[in-house]
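Hello,

Here is the structure I promised to pass on to you. Have a look at it first, and then read on for a short tour of what turned up in it.

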Amino acid sequence: MSSSIPERQWLPPHLRTLGTTIFAEMSALATATGSINLGQGFPDTDGPDVVREAAVSALRSGHGNQYPPGIGIPELRNAIAAHQLRWYGQSVDADTEVLVTAGATEAIAATILALVDEGDEVIALEPYYDSYGACIAMARGVRVPVTLRAPSFRIDVEALRAAVTPRTRLLLINSPHNPTGMALTDAEREAIRSVAVENDLIVVSDEVYEHLVFDDRAHVPLATLPGMAERTITIGSAGKTFSFTGWKIGWAIAEPGLLNAVRTTKQFLTYVSGGPFQYAVAQALELPDDYYRSFTAELQRKRNLLSSGLASIGFDVSVPEGTYFVTTDIRPLGFDDGLDFCRRLPELAGVVAIPHQVFYDDLEAGRPLVRWAFCKQDDVLLEAIDRLSALPRR
Ligand SMILES: Cc1ncc(COP(=O)(O)O)c(C=O)c1O
């Protein structure tokens with residue numbers, strides 16, 4: 001066997017388009033060129049000390065150092081259930097309706113592998129988070145995009161209705177939405193609800209940015225709408241809410257039958273993970289409302305800082321309603337291809353960003369769009385804005 005054979009030759013045909021994630025490619029580029037990394041969505045400061053200390057204390061006291069229960073430790077499942085009740089008035093049974101996973105990533109993979117059969121269609125909003133496409137491919141499903149278009153990225157409800165066919169198995173929704181920053185309106189939530197209920201679809205609702213919604217918008221889990229609890233799998237992540245993305249503690253919430261299906265595949269992906277971190281996240285979820293409010297307010301301030309900086313440079317900015325990403329159209333600066341722009345940006349300005357087009361099947365819709373992460377320290381954002389101000393116009 002020769003190590004020079006490209007990895008794609010080893011992959012079965014249905015996985016050959018996967019390649020390396022754009023995040024890995026761009027983060028490696030940032031390191032290699034010493035650029036400011038506004039690409040991958042991770043904060044450059046850790047979350048609260050009290051949460052980190054809770055992990056240290058769990059490690060020292062031997063909590064979670066051996067395999068935790070397959071569905072997650074009871075302390076964490078109770079804390080997740082209490083969190084849903086506190087913030088959304090949603091009652092969930094911590095013993096039968098909550099499953100702890102290795103980040104939201106595993107919850108997504110286990111859900112899709114559990115529910116999608118060869119040829120089943122999965123409707124997803126595009127641009128979509130890249131693991132959706134990969135997991136649908138692994139399940140040999142067919143992804144059916146509903147395109148969110150710049151600058152407002154609103155859901156085209158007619159397109160959503162038209163995307164449903166007899167082969168539709170899942171509706172995969174993400175709000176607040178990565179990479180566009182769109183957060184569902186009441187009308188959009190209602191449209192999704194009616195499409196799901198009328199067509200008897202299962203909805204996978206990726207809500208990892210639930211505490212990153214700005215300008216006093218409310219995050220409303222789709223599962224809390226009438227007729228949705230029994231058909232929705234809600235996916236969450238401690239990484240985003242508590243700024244410990246490396247810990248990879250996520251969860252899935254669903255009625256017991258659906259959740260058991262997800263648990264069946266999850267057992268054979270990781271079985272369990274992050275024992276001591278599960279204890280720490282249980283404590284994190286119980287932090288007072290003030291923590292959550294100031295976290296949102298701080299990220300909203302950073303959103304404003306980066307959005308206005310990018311606008312002052314001349315980009316067309318879509319100010320995000322949630323998440324920690326802002327999207328720009330690069331055409332006012334004379335560029336038209338985001339992938340080419342992002343690959344050249346380290347050399348042009350010493351900054352790294354993520355091109356939208358890799359998240360679209362409709363390449364034209366994403367071509368001029370670029371995503372910038374603002375979950376970074378102010379001086380990093382200001383330095384990036386400064387560097388980008390010197391960008392040569394074309
Ligand atoms: C929309 C979305 N879903 C899921 C994830 C993965 O979350 P985790 O790090 O908990 O696996 C991310 C991470 O960026 C994301 O943006």
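A residue counts as buried when its relative accessible area is under 20%, as exposed when that area is over 50%, and as partly exposed in between. Please keep in mind that this is a predicted model.

Let me start with Asn 37, which lies in strand E1, residues 36–37. Its relative accessibility is 16%, so Asn 37 counts as buried. The side chain of Asn 37 makes a polar contact of 3.2 Å with the side chain of Ser 27. A polar atom of that Asn 37 side chain also lies 3.5 Å from the backbone nitrogen of Gln 40. If you leave aside neighbours within four places in sequence, the residues in contact with Asn 37 are Ser 27, Ala 30, Phe 42, Val 352 and Lys 376.

Next, a charged residue to look up: Glu 207, in the loop between strand E6 (202–206) and strand E7 (232–237). Which side chain of opposite charge is nearest to Glu 207, and how far away is it? The answer is Arg 189, at 8.2 Å; Glu 207 is buried and has no salt bridge. What Glu 207 does have is a polar contact of 2.6 Å between its side chain and that of Ser 205. Not counting residues up to four places away in sequence, Glu 207 touches Ser 175, His 219, Pro 221, Leu 222, Thr 234 and Ile 235.

Now for the charged pairs. Side chains of opposite charge can pair when their charged atoms come close. Over the whole structure, a search finds 28 salt bridges. Here are three of them to look at.

The first to visit is between the side chains of Lys 266 and Glu 106, with 2.9 Å from N to O. Lys 266 belongs to helix H10 (residues 256–266) and Glu 106 to helix H5 (residues 103–115), so this pair ties together parts that are 160 residues apart in sequence. Lys 266 is buried, with a relative accessible area of 2%, and Glu 106 is buried too, at 6%.

Another salt bridge joins Arg 154 and Glu 188, whose closest N and O atoms are 2.8 Å apart. Arg 154 sits in the loop between strand E4 (142–147) and helix H7 (157–163), while Glu 188 is in helix H8 (residues 186–198), so the pair links parts that are 34 residues apart in sequence. Arg 154 is partly exposed, with a relative accessible area of 27%, whereas Glu 188 counts as buried at 5% relative accessibility. Both residues also belong to a network of salt bridges that links Arg 154, Glu 188, Asp 215, Arg 217, Arg 303 and Glu 321.

The next pair is Arg 301 with Glu 298, where the closest N and O atoms of the salt bridge are 2.9 Å apart. Both lie in helix H12, three residues apart, or about one turn of the helix. An α-helix has 3.6 residues a turn, so residues three or four places apart point the same way. Arg 301 counts as partly exposed at 36% relative accessibility, and Glu 298 as partly exposed at 33%.

Helix H11 (residues 275–285) is worth a look as well. How many of its 11 residues are buried? Eight are, so the helix is largely enclosed by the rest of the structure. The buried ones are Gly 275, Pro 276, Gln 278, Ala 280, Val 281, Ala 282, Ala 284 and Leu 285. Their cover includes helix H3 (49–60), helix H4 (74–88), strand E2 (98–102), helix H9 (238–242), strand E8 (249–253) and helix H12 (289–313).

Finally, the surface. Leu 18, Leu 113, Met 138 and Leu 269 make a nonpolar surface patch of about 310 Å². Of these, Met 138 is found in helix H6 (residues 130–138) and is partly exposed, with a relative accessible area of 43%. Asp 117, in the loop between H5 and strand E3 (121–126), counts as exposed at 52% relative accessibility. Leaving aside neighbours within four places in sequence, Asp 117 is in contact with Ala 139, Arg 140 and Gly 141. The C-alpha atoms of Asp 117 and Gly 141 are separated by 6.2 Å, with the two residues 24 apart along the chain.

Enjoy exploring!

Best wishes

How values were computed. Residues numbered from 1 in each chain as written. Predicted model: local features only at pLDDT ≥ 70, side-chain atom pairs only at ≥ 80, totals over all residues. Heavy atoms only, no water. Patch = residues over 30% accessible without salt bridge, like charges linked within 9 Å, V, L, I, M, F, W, Y side chains within 5 Å. Areas by Shrake-Rupley, 256 points an atom, 1.4 Å probe, with all protein chains shown as cover. Salt bridge = Lys/Arg side-chain N within 4 Å of Asp/Glu carboxyl O. Helix = DSSP H or I, 4+ residues; strand = E, 2+ residues; numbered from the N terminus. Buried < 20%, exposed > 50% of the residue type's maximum accessible area, 1.4 Å probe, protein only. Contact = heavy atoms within 4.5 Å. Lys, Arg positive; Asp, Glu negative; His and termini not counted. Polar contact = N/O pair within 3.5 Å; in protein donor to acceptor, adjacent residues only side chain to side chain.
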